[in-house]
Structures are given as C-alpha cells and as structure tokens.
Amino acid sequence: MKYTKSIISGLIVIVILVVGFFSTTTVASGNRGVLLQLGAVKPTIFTEGFHFKIPFIQTVQLIEVRVQKEESTQTAASRDLQMVTAKVAVNYSVDPEAVNKLYQEIGLDYRSRIVDPAIAESLKAITAQYTAEELISKRPEVSAQVKDMLGKKLTKYFMILEDINIKEFAFSEEFNKAIESKQTAEQNALRAQRDLERIKIEAEQKIAQAGAEAEALRLKKQEVTAELIQLKQIEVQEKALEKWDGHLPTVTGGATPFIDLDSLKNNNAN
C-alpha cells in the first residue's frame, strides 16, 4: 500500500515536472518568439527572457532579429547595354514587431525567397538607368537609389534594410580597353591644349616685349634734339682735353685743321 502511494506520488511529481517544463520557454538574446497554438500563429510575440505557455498545445518558434549580412555577386546591364557585374553587401534585419507575420506569410527561408531576389531586382532596375561610365563616376548616387528601392521591397515583407554597399562594378575586357583608350586620348588632348596655350602665351609675351622695345626706341629718338647733340659734342671735347698732353698734332683731318706751332714760331723769329 505504502509502496503504491509512493509510486503514485512519484508519478505525480514527474507529471508536474514535465508539465512545468513544457509550460515555460526562454527566448535568447537577439531573438523573438512566435507563439504557435496547434500550429496556428498567434498575435503574441515573446521578447527576450522567460515566458509561460500552454503545454502540448502551444509552441514557440524563435526568429533572429539581429542585423544579418548578405553578400552576393549580381549581373546586370547598363543603359548602353554593357554587361556589368557588381559585388553587393547588404545588412538587414527582421522587424521585431512583425516576426509573427513574417513567419506566417513567408516562413523561415525568407533569405532565399525575399532578400536575394530583391537585391538582384533592385540592382538591375537601377543600373539600367545609367550608362556604364556613369555607373563608375556616380557610384554613390547609384548605391543610394538601389538602397531606396531595396529598402521599400524589404519593408513590404517585414524586414528592415540597415545598409548597402556596392563594392565594385566590373565590366568586360573590351569595355575596359575602350575606357582606357578614351582616357589616354583625353589626356593627350589636354596635354596638347596646354601646350597650345603655353605657346600662345609665350608669343604674346614676345610681341609685348618687342612693342615695349620699339616704344622705348621711339621715345629715345624723340629726345634727340640739336641742344642734346651739341651737349654730347662738348662732352666729347672735354674728355679729349682731359687726355691731351699739350702738343698739337702737325697734321689733322677734318673741317677745322689744327695749326702747325713749329712753323708759327719760325715765322715769328724772322
């Protein structure tokens, strides 16, 4: 009898423990719990921590709400029909307030069903609006437009776009060679333009210098007067007198000959 009571008591304890175990659940950090009752999604969302539920009738499905990263390589076409390959990194998260709707309408494979296709569609739609060269020169603008479109797509499916980064655009080898040739031609044209401007400036400087020299010569000619010529002759004679040793030359040329002093002395003696 006592043995039977002990068994019954033991069973009751076990049942209580089992019921107690299945009556509680714990939601780990960075997750939310979707409450399911006999398979049906309930409006209640369990936050992080300890919770009670009806054993054997209610279950809890955990869904991560931390920021998740998706990296992929996408192929698209530019407006000028150049094939472009882009490496895209997307950071997104599940809306913590709508995990029950996400689970009910999409399920746990939302990454492959929603995120990846949305990235590809957004990138293709935006790159088709730009030429290949614009995709290179306007990459921040392209990224912003892709982010805006992708954000709207993910919001429709209870997800939040945190950030997007287009790491690079890669084009065909033929296009890269064409771009390189164009850049080389532009550089050569710019160099030729600079040389032409330099030659033009140098020519203008020479013309200005020649004009200045001609003007200076003209002014000098205007300054030459009869008085100036006479003054210059006086200066020359003064310099000649400073160098004279007191003896006059016996023979001179020019319009005014010098006097022969020796002949003059002999004549005076006679």
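Which residue follows α5, and what is the sign of its phi? I will begin there, since that spot leads us into the rest of the chain: the residue that follows α5 is F158, and its phi is positive, near 65°. Before going further, please keep in mind that what we are looking at is a predicted model.

Let me first give you the overall picture. The protein has 270 residues, of which 25% count as buried, and its secondary structure comes to 8 helices and 8 strands. If we take the contacts between residues at least 6 apart in sequence, 66% of them join residues that are at least 24 apart. The accessible surface comes to about 19000 Å², and 57% of that surface belongs to carbon and sulfur atoms.

Now to helix α5 itself, which covers residues 139-156. This helix has 18 residues, and from its first C-alpha to its last it reaches 26 Å, close to the 26 Å that one expects at 1.5 Å a residue. The buried residues in α5 are V142, S143, V146, L150, G151 and L154. Because they cover an arc of only 165° around the axis, these residues sit on the same side of α5. On the face turned away from that buried side, α5 carries the exposed residues K152, T155 and K156. And what do the buried residues of α5 pack against? Their partners are strand β7 (83-94), helix α3, helix α4 (132-137) and strand β8 (159-171).

Since α3 has just come up as one of those partners, let us turn to it. Helix α3 runs over residues 110-127, and its 18 residues should span 26 Å at 1.5 Å a residue; the C-alpha atoms at its ends are 25 Å apart, which agrees. A number of residues in α3 are buried, among them Y110, I114, V115, A118 and I119. Further along the helix, the buried residues include A120, S122, L123, I126 and T127.

I would next like to move to the charged side chains. In general, side chains of opposite charge can pair when their charged atoms come close. In this model the count comes to 11 salt bridges, and I will go through three of them.

The first on my list is between K167 and E71, where the closest N and O atoms are 2.9 Å apart. K167 lies in strand β8 and E71 in strand β6 (residues 68-77), so this pair ties together parts of the chain that are 96 residues apart in sequence. Are these two residues buried, partly exposed or exposed? K167 counts as partly exposed, because its relative accessibility is 42%, and E71 is also partly exposed, with a relative accessible area of 47%.

The next is the salt bridge between E168 and K87, with the closest N and O atoms 3.5 Å apart. This pair, too, links distant parts of the chain, as E168 is in strand β8 and K87 in strand β7, 81 residues apart. E168 is partly exposed, with a relative accessible area of 34%, and K87 counts as partly exposed at 41% relative accessibility.

The third brings us back to α5: the side chains of K147 and D163 meet in a salt bridge, at 3.8 Å from N to O. Here K147 lies in helix α5 and D163 in strand β8, so the pair ties together parts that are 16 residues apart in sequence. K147 counts as partly exposed at 33% relative accessibility, and D163 does so at 37%. To close this part, salt bridges that share partners join K69, E71 and K167 into one network.

Let me now look at a charged residue in another setting, namely R32, which lies in strand β2 (residues 31-37). Is R32 buried or exposed? R32 counts as buried, because its relative accessibility is 17% and the cut-off for buried is under 20%. Leaving aside neighbours within four places in sequence, R32 is in contact with residues that include V27, I45, F46, T47 and E48, and also Q61, L62, I63, V65, P96 and V99.

Finally, a word about the surface. L38, I54, F56 and I57 form a nonpolar patch there, and together they have about 420 Å² of accessible area. One of these, I54, is found in the loop between β4 (49-52) and β5 (58-64), and I54 is partly exposed, with a relative accessible area of 40%.

Definitions and conventions: Residues are numbered from 1 along each chain as its sequence is written. This is a predicted model: local features need pLDDT of at least 70, side-chain atom pairs count only at pLDDT 80 or more; totals for chains, interfaces and linings use all residues. Side-chain values use heavy atoms; hydrogens and water are left out. Patches are made of residues with over 30% relative accessible area and no salt bridge: like charges are joined within 9 Å, nonpolar side chains (Val, Leu, Ile, Met, Phe, Trp, Tyr) within 5 Å. Accessible areas come from the Shrake-Rupley method with a 1.4 Å probe; for residues, only the protein chains shown count as cover. A salt bridge is a side-chain nitrogen of Lys or Arg within 4 Å of a carboxyl oxygen of Asp or Glu. Helices (H or I, at least four residues) and strands (E, at least two) are DSSP runs, numbered from the N terminus. Buried means under 20% relative accessible area, exposed over 50%, partly exposed in between (1.4 Å probe, protein chains only). Contact means heavy atoms within 4.5 Å. The expected span of a helix is 1.5 Å times one less than its number of residues. The arc is that of the directions from the helix axis to the C-beta atoms.
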